[in-house]
Amino acid sequence: MSSPASPDQMGGQTPKAFKPRIFSGIQPSGGLTLGNYLGALKRFVEKQDEGIETIYCLVDMHAITVWQDPAKLRQQTREGAAAFIAAGIDPARSILFNQSQVGAHAELGWIFNCVARMGWMGRMTQFKDKAGKNSENVSLGLFAYPALMAADILLYHATMVPVGEDQKQHLELTRDIAIKFNNDYGVDFFPVVEPLIEGAATRVMSLRDGSKKMSKSDPSDQSRINLTDDADTIAAKIRKAKTDTEPLPETVDGLRDRPEAKNLVNIYSALSGQSVAEVVAEFANTQFGSFKPRLAELAVARLSPITGEMNRLMADPAEIDRILADGADRADAIARPILEQVYAITGMIRSRGK
Ligand code: AQP
């Protein structure tokens with residue numbers, strides 16, 4: 001299901017078909033959360049298991065758009081890789097690597113800085129959220145982040161990108177960059193990618209505030225479930241999760257205007273594989289005092305095997321580094337020829353080694 005530009009977008013040329021290929025990434029900007037697991041990792045594994053070519057990346061260059069302690073960044077990158085593998089990514093079937101080991105990301109990112117428009121970037125809600133009132137003092141990299149993200153994806157001619165809801169706007173920008181590059185240079189070179197935003201948990205919310213997304217960089221550890229949390233911690237966080245005082249409703253519609261209840265039901269649905277309607281039917285009129293222990297039990301059952309496997313993998317960091325190096329070599333072998341074509345299209349002389 002490739003998505004080349006339409007003939008209109010291509011100035012009348014017939015767009016070429018691109019081979020189905022999935023790319024997605026996660027920032028090692030902290031420990032991964034239940035939100036990253038349900039919105040991204042779990043679906044990365046499903047896509048791998050469908051037999052589509054899958055390329056997954058720990059995007060460490062994105063992580064440093066906000067300050068990262070170097071030792072922690074290294075640790076979080078290895079822990080992120082361990083989480084991918086523990087969740088079911090097979091490094092032999094998927095390509096798994098960290099972004100900074102493949103220099104082509106930064107090189108294409110620069111070219112896209114010259115394609116993307118300031119006005120487009122200024123409209124990115126994630127930038128506005130992260131910069132807040134401090135936009136004069138945040139890094140230039142934070143502003144340019146979506147152009148590097150477009151490079152991550154388009155460097156592989158990826159056609160599909162599984163992400164959580166919060167990344168939708170960045171993917172629209174990736175499409176705009178691909179279309180503008182193709183039009184500016186009169187080529188049919190980059191595919192127009194499809195976001196894959198699917199499932200019951202495309203936006204897992206904070207356990208402390210149903211209007212905020214669960215995030216690894218939220219200052220409150222109580223707001224999220226980390227993939228490294230043990231069973232007691234998970235149960236305690238769910239027990240303390242903010243809710244209203246009503247029992248669960250009898251219909252899905254009854255969750256409207258009840259963000260915290262809706263969040264916990266969505267999490268239950270995503271973890272159990274039941275639809276939201278089935279979960280609502282099962283727990284109709286149930287008080288949170290009874291629902292929360294059931295949710296905690298389910299979360300522990302699903303997450304503790306992953307946590308256990310992550311701990312096992314983290315005991316051998318050299319093996320994780322070896323897996324990342326192997327993935328980076330395989331990623332580079334796809335990316336480099338595509339980047340060389342970009343240099344040729346844009347008029348850069350590449351005479352070294354010829
Ligand atoms: N709460 C969430 N619900 C569903 N999906 C989510 N994702 C993140 N949070 C949720 C998805 O996880 C993937 C990786 O995200 P990221 O690490 O690249 O950046 P992010 O979206 O900014 O995630 P965080 O946890 O909020 O990181 P920080 O705190 O560092 O900014 C993406 O597919 C994302 O949609």
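Helices (H or I, at least four residues) and strands (E, at least two) are DSSP runs, numbered from the N terminus.

**Figure 1. Overall view of the predicted model of the protein chain.** The protein chain holds 13 helices and 5 strands. A compact globule of 354 residues would have a radius of gyration near 20 Å, and the 21 Å of the protein chain agrees with that. The C-alpha trace spans about 70 × 45 × 45 Å along its principal axes. Buried residues make up 52% of the 354. Of the contacts between residues at least 6 apart in sequence, 75% join residues at least 24 apart. The protein chain exposes about 15900 Å², and carbon and sulfur atoms supply 51% of this area.

**Figure 2. Close-up of the packing of helix H10 against helix H12.** Two packed helices are described by the angle between their axes and the distance between the axes. Here H10 (residues 259–272) and H12 (residues 288–314) pack at about 35°, and their axes are 10 Å apart. The crossing is left-handed. From H10, the residues in contact are Ala261, Leu264, Val265, Ile267, Tyr268, Leu271 and Ser272. These meet Phe288, Phe291, Lys292, Arg294, Leu295, Leu298, Ala299 and Arg302 of H12. By class, the residues of this contact are 11 nonpolar, 1 polar and 3 charged.

**Figure 3. Close-up of Asn266 in helix H10.** Asn266 counts as buried because its relative accessibility is 16%, under the 20% cut-off. Apart from neighbours within four places in sequence, Asn266 is in contact with Ala200 and Val276.

**Figure 4. Close-up of Pro146 in helix H7.** H7 covers residues 140–154. Pro146 is buried, with a relative accessible area of 3%. Once neighbours within four places in sequence are set aside, the residues in contact with Pro146 are Met121, Met124, His170 and Leu173. For Pro146 and Leu173, the separation is 27 residues in sequence and 7.2 Å in space, C-alpha to C-alpha.

**Figure 5. Close-up of two loop residues with positive phi, His157 and Asn285.** Most residues other than glycine have a negative phi. Phi of His157 is near 50°, and phi of Asn285 is near 65°. His157 sits in the loop between H7 and strand E4 (160–162). Asn285 sits in the loop between helix H11 (276–283) and H12. The relative accessible area of His157 is 12%, so this residue is buried. Asn285 has 46% relative accessibility and therefore counts as partly exposed, a class that lies between the cut-offs of 20% and 50%.

**Figure 6. Close-up of Leu73 in helix H3.** H3 covers residues 70–87. Leu73 has a relative accessible area of 15% and is therefore buried. Leaving out residues up to four places away in sequence, Leu73 touches Pro28, Ala63, Ile64 and Gln68. Leu73 and Leu140 are 67 residues apart in sequence, and their C-alpha atoms are 20 Å apart in space.

Terms used:
Residues are numbered from 1 along each chain as its sequence is written. This is a predicted model: local features need pLDDT of at least 70, side-chain atom pairs count only at pLDDT 80 or more; totals for chains, interfaces and linings use all residues. Side-chain values use heavy atoms; hydrogens and water are left out. Axes are lines fitted to C-alpha atoms, for helices over the stretch in contact, and angles run from 0 to 180 degrees between N-to-C directions. A crossing is left-handed if the near helix is turned anticlockwise from the far one by less than a right angle, and right-handed if clockwise. Contact means heavy atoms within 4.5 Å. Ala, Val, Leu, Ile, Met, Phe, Trp, Tyr, Cys and Pro count as nonpolar, Asp, Glu, Lys and Arg as charged, and the others, Gly among them, as polar. The radius of gyration is taken over C-alpha atoms; the globule rule is 2.2 Å times the number of residues to the power 0.38. Buried means under 20% relative accessible area, exposed over 50%, partly exposed in between (1.4 Å probe, protein chains only). Accessible areas come from the Shrake-Rupley method with a 1.4 Å probe; for residues, only the protein chains shown count as cover.
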